[in-house]
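Hi everyone, thanks for coming. Please have a look at the structure on the screen, and then I will walk you through it.

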There are 2 protein chains.
Amino acid sequence: MTVTADLAMSLDGFVAGTDVSLDNPGGDGAEPLFEWIHNLASWRERQGLSGGEENRDSELMREWFDVTGAVVMGRMMYDTGEEFWGDNPPFRTPVFVLTHRPRRTLVKQGGTVFTFVTDGIHSALDQAKAAAGERNVDIAGGASTVRQYLAAGLIDELQLHVVPALLGEGVRLLGGLDTGRRTLEVVRVVDTPLATHLKYRFTR
Amino acid sequence: MTVTADLAMSLDGFVAGTDVSLDNPGGDGAEPLFEWIHNLASWRERQGLSGGEENRDSELMREWFDVTGAVVMGRMMYDTGEEFWGDNPPFRTPVFVLTHRPRRTLVKQGGTVFTFVTDGIHSALDQAKAAAGERNVDIAGGASTVRQYLAAGLIDELQLHVVPALLGEGVRLLGGLDTGRRTLEVVRVVDTPLATHLKYRFTR
């Protein structure tokens, strides 16, 4: 059972722009982070769209969908995605949403089931592990949720899609984590003109 | 004429540790940034040492020495390096040191000449360009010097040697630069177990 996190990051370390809010989930100035995704065939397929590019970036996106058996996300990510994802969300797996407000489980089309977890990150992870079967649990976001799991030492593999852009300001994923100094090993590097896909495993 | 900057950076964006000072130039906790360098044959050769590894990392280090025709550095980097570099510094090119205190030019063995520039970053760069001939000018550091040149839009190519470690805190190279949002293109990616060598060119 591998616990993963997988985010797009600017070269200067930002995973979202400024003034992130429910109406502005990526934040201002964050467009360069996500431009490489929009036209990938594997991404479009999960949005119910046809066409798109079948390239190495698209393969990596498909790989994420294939290897992920359950997802954990923060309440903010859920709230900002809920409407966009619609009746057939792209996950097609159980999704565990960290929240303080109890809410009934939501069964969507295609296999996505949203379960709202009110008793903390360990509980959400345990439930996700139980649901994932042989596949991975991915801590999907947002940044503060991933940081909580990183700080608790609960993430095994971290994949960063480093886009060749400087945002200058925004929300950082890394730095200032309470874990102190940690070493990782490089699992895989895939570089394309759109992004450098860096996959690391934490060494204990 | 290409103006370059070339630094080792942790995955979380730090190019030095904490409490950087004359006696502690890399800062506390910065060891993982530089471990990959110490045993490279090309690096050892420039320190007057024999042996070391002849690997891809060593080739990249040798490439830097070969393509660099002049160097610009901040006063802090000079002061912290002066004693360590000794009578035959590794640069073997003209080096222009940014400072507020005039000082006589120092001619060292092997081709290294330290010129102290008191009239600002543009002057130092102009002098370095004139001295570099057909080769590159490299803005060697420290972080605040490279940031000044980045903010002024004077760097053409940025190579980052991303080491698979999280420092947690220290001196950042990127983020918060006044240039605002900038895009880059990936020139080259070389990954080894020691570091992921990412080379970017700024697009205007």
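Let me start with a small puzzle: which residue in strand 12 of chain A does His161(A) stand opposite? Take a moment to find it. The partner is His197(A), in strand 12 of chain A. The setting for that pair is strand 8 of chain A, residues 157–163, which is joined to strand 12 of chain A by 6 bridges, with the two strands running antiparallel.

Before going further, a word of caution: what you see is a predicted model.

Let's stay with strand 12 of chain A for a moment. Strand 11 of chain A is joined to it by 7 bridges, and these two strands also run antiparallel. Within that pairing, Leu184(A) stands opposite Phe202(A). If you follow the chain from strand 11 to strand 12, you pass through a hairpin whose connection has 4 residues. As general background, strands of a sheet pair through backbone hydrogen bonds, either parallel or antiparallel.

Now let's zoom out to chain A as a whole. Its secondary structure comes to 6 helices and 12 strands. Along the principal axes, the C-alpha atoms fill a box of roughly 45 × 40 × 35 Å. How does the radius of gyration of chain A compare with that of a compact globule? For 204 residues such a globule would have a value near 17 Å, and chain A has 16 Å, so the two agree. Of those 204 residues, 42% count as buried. And if you take the contacts in chain A with a separation of 6 or more, 60% of them are between residues 24 or more positions apart.

Here are two local stops in chain A. The first is helix 4, residues 75–85, whose buried residues are Met76(A), Met77(A), Tyr78(A) and Thr80(A). What do they pack against? They pack against strand 3, strand 4 and strand 7 of chain A. Just after helix 4 comes Gly86(A), with a positive phi near 70°.

The second stop is Ser123(A), in helix 5 of chain A, which covers residues 121–132. Ser123(A) has 13 C-beta neighbours inside 10 Å, so it counts as partly exposed. Along the sequence Ser123(A) and Leu98(A) are 25 residues apart, while in space their C-alpha atoms are 9.4 Å apart.

Next, the way the two chains meet. In the contact between them, 29 residues of chain A touch 29 residues of chain B. On chain A, strand 9, strand 11 and strand 12 each supply at least two residues of the side that touches chain B. Strand 11 of chain A gives the most, with 7 residues. Sorted by class, this side of chain A has 14 nonpolar, 9 polar and 6 charged residues.

Strands pair across the boundary as well. Strand 11 of chain A pairs with strand 9 of chain B, residues 165–166, in the antiparallel sense over 2 bridges. For Arg182(A), the bridge partner in that strand is Leu166(B).

How are the two copies related? A turn of 180° and a shift of 0.0 Å along the axis lay chain A on chain B with an RMSD of 0.0 Å. That is the relation of a two-fold axis. Gly13(A) is the residue of chain A that comes closest to the rotation axis, with its C-alpha at 3.3 Å. And 100% of the interface residues of chain A are also interface residues in chain B, so the copies meet through the same surface.

Finally, please turn to the sheet centred on chain B in our tour. It is an open sheet of 10 strands with mixed pairing, in the order 9(A)-11(B)-12(B)-8(B)-1(B)-7(B)-3(B)-4(B)-6(B)-5(B). Strand 9 of chain A and strand 5 of chain B stand at the edges with a single partner strand each, so one side of each is left without a neighbour in the sheet. Inside the sheet, strand 1 and strand 8 of chain B run parallel and are joined by 7 bridges. There, Asp6(B) stands opposite Gln159(B).

Helix 4 of chain B packs on this sheet, touching strand 3, strand 4 and strand 7 of chain B, and its direction makes about 100° with that of strand 3. Helix 6 of chain B, residues 143–151, lies across strand 1, strand 3, strand 4 and strand 7, running at about 130° to strand 7.

Thanks for listening!

Technical notes
Residues numbered from 1 in each chain as written. Chains lettered and ligands numbered in written order. Predicted model: local features only at pLDDT ≥ 70, side-chain atom pairs only at ≥ 80, totals over all residues. Contact = placed C-beta atoms within 7 Å. Nonpolar A, V, L, I, M, F, W, Y, C, P; charged D, E, K, R; others polar. Pairing = 2+ DSSP bridges. Least-squares fit on C-alpha atoms with pLDDT ≥ 70 in both. Buried ≥ 20, exposed ≤ 12 C-beta atoms within 10 Å, placed from the backbone. Rg over C-alpha atoms; globule rule 2.2 N^0.38 Å. Axes fitted to C-alpha atoms, helices over the stretch in contact; angles between N-to-C directions.
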